[in-house]
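Biologist: I should be grateful for a close look at a single part of this structure, beginning with one loop residue and its backbone. Please then set that residue beside other charged and polar positions, with distances and accessibility where they are available.

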Amino acid sequence: MKKKLSVFICSAILAATLCSCGVSPAETFDNEAVDNAYSNYMAGGKLVFKGNDLYLVNTFFEGTEAGVIKINADGAENIYKLDRFTDEEFPELFTLYDLNGKFYTNCLYDDSIYTFDESGSGLAPTEYTELPMLESDNYYIDEDYAVLPLGYTMEGIVLSVVRDGETKKIDFSFQNFFVDDGKLYGSGVDEKLHCYDIASGKFEDVPDIHIDSNTLKFFVADGYCYSTDDSGKDGEGLYRYNIKDGAPTFVTEKKVKSINSYDSKIYFAADDGVYSFDGTTSAKIANLAANELYILDNEWVYALNTENGDLHRISMDSGKTEVVNYTVSSSADQAK
């Protein structure tokens, strides 16, 4: 019998602390879902949303039962148990990619792409399962094609476009990359922006934009790319570059841990909180420590702290913050 996880109350002390800080629990999950699959996957791939249910991949919070946790207004349930992530063990499943309500995952044990059944019945092969797959959690899938890592060179990762059962190698080695609106953006060892049009199979001319090959937060949205830079005119930090003309905008000097976007705004997590950026100015919207930001619906930014498992959501309109309760002790007193 599957164990039911009650609404998250680790202890009376914790509950009192949350109340004293004015953070109320999330009770409903009925907002309109948004198409943000790839950005959420690139944020960490641990949270997806379907039919008023959240699905959280929990392999990181010590003292809890690892698994895919289904969260809704009725509480939470571990629908697919996983090995807890420790120094000796790795989780069976560590990412979810939501494509129009179908959940994909790449399985750590054999580096292949499967679908995950939200009923908890397990994994099923896909058209990509038998393709060569690297130990990389960066891939892109839509209804028409997939961009998959094919191999390594001394200069970086070799990518392929898979369409209608055919695999086409891209003649370039990427240090980092991001897919947006049918185009593949990334840098090589030259640390310059490159743009590959997936439909035509050709590279396009772009302005001379510096992209640090070591940046972990390379991100593209609405005709702009975001990258950390230690050589910009405003000093080290996160910059936004206009892909049409290369014009830079300094976003923040803070160390950025995660980036996501919705409705022409960028949201990023820094050491001291979560911020929004409207193209001109940055504004703090929450004093939360978070490593990953997810935008699943038209109301909330979900902030996940992978160091302790804390999950909060922040209203994009009002800044109201709620805690998402999902976990209890995995001890014998757990409800069954």
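Modeller: The residue to begin with is Asp164, whose place is in the loop between strand S13 (156-163) and strand S14 (166-174). The model is a predicted one, and every value below is computed from it. Asp164 is exposed, because its relative accessible area is 72%, and the cut-off for that class is over 50%. Its backbone also deserves attention: Asp164 is not a glycine, yet it has a positive phi of about 55°. Most residues other than glycine have a negative phi.

The side chain of Asp164 belongs to a negative surface patch, in which it is joined by Glu127, Glu143, Asp144 and Glu166. Glu127 of this patch has its place in the loop between strand S10 (122-125) and strand S11 (140-141). Glu127, with a relative accessible area of 60%, is exposed, and Asp164 is exposed as well, at 72%. Residues enter such a patch if they have over 30% relative accessible area and no salt bridge, so the salt bridges described below involve residues outside it.

A second residue with this backbone feature is Glu191, which has a positive phi of about 55° although it is not a glycine. Glu191 is also a loop residue, placed between strand S16 (183-187) and strand S17 (193-197). Its accessibility falls in another class: at 23% relative accessibility, Glu191 counts as partly exposed.

Two further positions show how separate parts of the chain approach each other. Ala146 is in strand S12 (residues 146-153) and is buried, with a relative accessible area of 0%. The C-alpha atom of Ala146 is 8.1 Å from that of Ser160, 14 residues apart along the chain. Glu299, in the loop between strand S27 (292-294) and strand S28 (300-304), counts as buried at 18% relative accessibility. Its C-alpha atom is separated by 7.2 Å from that of Asp317, and these two residues are 18 apart along the chain.

Charge pairs come next. Side chains of opposite charge can pair when their charged atoms come close. With a nitrogen-to-oxygen limit of 4 Å, the count comes to ten salt bridges.

Asp272 takes part in two of the pairs described here. With Lys254 it forms a salt bridge in which the closest N and O atoms are 3.2 Å apart. This pair links distant parts of the chain, 18 residues apart: Asp272 is in the loop between strand S24 (265-270) and strand S25 (273-277), and Lys254 is in the loop between strand S22 (248-252) and strand S23 (256-262). With Lys284, Asp272 forms a salt bridge whose closest N and O atoms are 3.7 Å apart. Because Asp272 lies in the loop between S24 and S25 and Lys284 in strand S26 (residues 282-286), this pair ties together parts that are twelve residues apart in sequence. The three residues are each partly exposed: Asp272 at 33% relative accessibility, Lys254 with a relative accessible area of 27%, and Lys284 with 38%.

The pair of Glu322 and Arg313 has another setting. Their side chains meet in a salt bridge of 2.9 Å, N to O. Glu322 is buried, with a relative accessible area of 8%, and Arg313 is buried too, at 2%. Elsewhere, Lys183, Asp197 and Glu204 are linked in a network of salt bridges.

Two asparagines complete the account with polar contacts. Asn106 is found in strand S8 (residues 102-107), and it is buried because its relative accessible area is 4%, under the 20% cut-off. Its side chain is joined to that of Thr95 by a polar contact of 2.6 Å. Asn72 lies in strand S5 (residues 67-72). The side chain of Asn72 has a polar contact of 2.9 Å with the side chain of Asp53. A polar atom of the Asn72 side chain also lies 2.9 Å from the backbone nitrogen of Asp74.

To return to the starting point, Asp164 is an exposed residue with a positive phi, and it forms part of a negative surface patch.

Definitions and conventions
Residues numbered from 1 in each chain as written. Predicted model: local features only at pLDDT ≥ 70, side-chain atom pairs only at ≥ 80, totals over all residues. Heavy atoms only, no water. Patch = residues over 30% accessible without salt bridge, like charges linked within 9 Å, V, L, I, M, F, W, Y side chains within 5 Å. Areas by Shrake-Rupley, 256 points an atom, 1.4 Å probe, with all protein chains shown as cover. Lys, Arg positive; Asp, Glu negative; His and termini not counted. Charge placed at Lys NZ, Arg CZ, Asp CG, Glu CD. Helix = DSSP H or I, 4+ residues; strand = E, 2+ residues; numbered from the N terminus. Buried < 20%, exposed > 50% of the residue type's maximum accessible area, 1.4 Å probe, protein only. Polar contact = N/O pair within 3.5 Å; in protein donor to acceptor, adjacent residues only side chain to side chain.
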